[in-house]
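Me: I would like a close look at one part of this structure, namely its salt bridges. Which residues form them, and where do these residues lie?

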Amino acid sequence: MQQTLPTSNRPKEETNRWLVLIGVAKLLKAVLFVALGFGALRLVHRDLVSLVTHWIVDMRFDPEGRMVNLILEKIALISPHKLRLISTAIFCYAALDVLEGTGLVLGKRWAEYLTLIVTASFLPWEFFEIIHKPNWPKCIFTLLNIGVVLYLAAYLQKRLRAHTPSSMPVHVHKT
């Protein structure tokens, strides 16, 4: 008769709280981006310039100011088609965050690699943005993303070392 161990006695891999925290942050970011995407879609057939002008007046900015006019000129260039493209890109980014976040919360190894690759791939763009238009929120989010990349790289490297037997024989080919 064959004995099997009860499932409670089997060694279970400990859940990494930092990975779960990163995953939850990704899921919260996804919720934010979904809301932004729907907000952008709601603006598709509206007069953006008059809407933003109304907001500017409500916030008591000078509607004749140079900066306000520059913003209104840029907004006037946004067509309904561009707004749909922007919202599509926002929804795609949200879907990527849902994929990463769900995978990390569920402890999936592929999500660790995906999050590392995706987060690292956005760093050059973030550096570019900071160099050209520096502000504190950009700097803080970039530092957080650098922290995530460094943590995931170290974590995955540690995991690889733990699963690579150091006593494997090395074959040397003589020529």
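Reply: The following paragraphs describe the salt bridges and the residues that form them.

This is a predicted model, in which local features need pLDDT of at least 70, side-chain atom pairs count only at pLDDT 80 or more, and totals for chains, interfaces and linings use all residues. Residues are numbered from 1 along each chain as its sequence is written, and side-chain values use heavy atoms, with hydrogens and water left out.

A search of the whole structure finds five salt bridges (a side-chain nitrogen of Lys or Arg within 4 Å of a carboxyl oxygen of Asp or Glu). One of them joins Lys 26 to Asp 97, with 4.0 Å between the closest N and O atoms. This pair links distant parts of the chain, 71 residues apart: Lys 26 belongs to helix α1 (residues 17-42) and Asp 97 to helix α4 (residues 80-105). Helices here are DSSP runs (H or I, at least four residues), numbered from the N terminus. Lys 26 is buried at 8% relative accessibility, and Asp 97 is buried at 1%. Buried means under 20% relative accessible area, exposed over 50%, and partly exposed in between (1.4 Å probe, protein chains only).

Another salt bridge connects Arg 159 and Glu 112, at 2.7 Å from N to O. Arg 159 lies in helix α6 (residues 136-163) and Glu 112 in helix α5 (residues 109-132), so this pair ties together parts that are 47 residues apart in sequence. Arg 159 is buried, at 11%, and Glu 112 is buried, at 2%.

Glu 129 and Lys 138 also form a salt bridge, their closest N and O atoms being 3.1 Å apart. Here Glu 129 is buried at 18%, whereas Lys 138 is partly exposed at 24%. Finally, salt bridges with shared partners join Lys 26, Lys 29, Asp 97 and Glu 100 into one network.

Note on methods
Helices (H or I, at least four residues) and strands (E, at least two) are DSSP runs, numbered from the N terminus.
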